[in-house]
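Visitor: I should like a close look at the largest nonpolar core of this model. Please describe its members and then its setting in the chain.

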Amino acid sequence: KRTDIEEIITNHYLYFREKWGFDITANATPNNEAILKIIANRDTPIKVLEIGAGNGNTLSKIKYLYPLSEVYGIEEDASSARYAIKNIPILVGNWKEIEIPFKEKYFDYIIYTDRGQNDDINSLKKYFLRYLKPQGRFIF
């Protein structure tokens, strides 16, 4: 029955969340809308930072689509970041509180993926503007 399947899915979701400590539905798929806004040749080296990186699915897809890219993430939820995709460097913590180790004017793209952080977008843009190349783009 349909209700049995829905109950099984709900129970598995709750079990996963309890066992691993994060919401798989918020981390399971890449932010394709943001990826589509990247305008670059596949063979062009680009540098991308994602704020709200989850477990790195968006950055992993960017790395696949742009093999010469350098990708980095910042994720507030330590449980999500703990299970990040291998070879995707993700800083753990709130962007307002952690030390940002990147050089100024380093990134071609800075992506903000809203995972319920309730960030002030204007403050975020102002803070991260120094890390964006002059021709770089914020993607929200």
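Guide: Helices and strands are here DSSP runs, of H or I over at least four residues for a helix and of E over at least two for a strand, numbered from the N terminus. On that basis the chain has six helices and five strands, in the sequence pattern α-α-α-β-α-β-α-β-β-α-β. The model is predicted, so that local features need pLDDT of at least 70 and side-chain atom pairs count only at pLDDT 80 or more, whereas totals for chains, interfaces and linings use all residues. Residues are numbered from 1 along each chain as its sequence is written, and side-chain values use heavy atoms, with hydrogens and water left out.

A nonpolar core is a set of buried Ala, Val, Leu, Ile, Met, Phe, Trp, Tyr and Cys residues joined through side-chain atoms within 4.5 Å. Buried means under 20% relative accessible area, exposed over 50%, and partly exposed in between, with a 1.4 Å probe and protein chains only. In soluble globular proteins, nonpolar side chains tend to be buried together. Here, buried residues make up 39% of the 140 residues in the chain.

The largest core has 17 residues, of which Leu49, Ile51, Ile74, Phe107, Ile110 and Phe128 touch the most other members. Two or more residues each are given to this core by strands S1 (47–51), S2 (70–75), S4 (107–112) and S5 (132–139) and by helix H6 (121–128). S4 provides the largest share, three residues.

Ile110 illustrates the packing. Contact means heavy atoms within 4.5 Å. With neighbours within four places in sequence set aside, Ile110 is in contact with Leu49, Ile51, Phe128, Tyr131, Leu132, Arg137, Phe138 and Ile139. Ile139 also belongs to a second, separate core of 16 residues, whose members include Ala34, Ile38 and Ala81.

The strands that contribute to the largest core lie in one sheet. Two strands pair if DSSP finds at least two bridges between them. The sheet is open, with five parallel-paired strands in the order S3-S2-S1-S4-S5. Its edges are S3 (90–92) and S5, each pairing on one side only, and the twist averages 20° from one strand to the next. S4 and S5 run parallel and are joined by four bridges; Tyr109 stands opposite Arg137 in S5.

Helix H4 (residues 57–65) lies across S1, S2 and S4 and runs at about 175° to S2. Such angles run from 0 to 180 degrees between N-to-C directions, the axes being lines fitted to C-alpha atoms, for helices over the stretch in contact. Thr58, Leu59 and Ile62 of H4 are buried. They are on the same side of H4 because they cover an arc of only 95° around the axis, an arc taken from the directions from the helix axis to the C-beta atoms. Their cover includes helix H3 (32–36), S1, S2 and S4.

Helix H6 also holds Ser123, which is partly exposed, with a relative accessible area of 34%. Ser123 lies 9.6 Å from Lys96, C-alpha to C-alpha, although 27 residues separate them in sequence.
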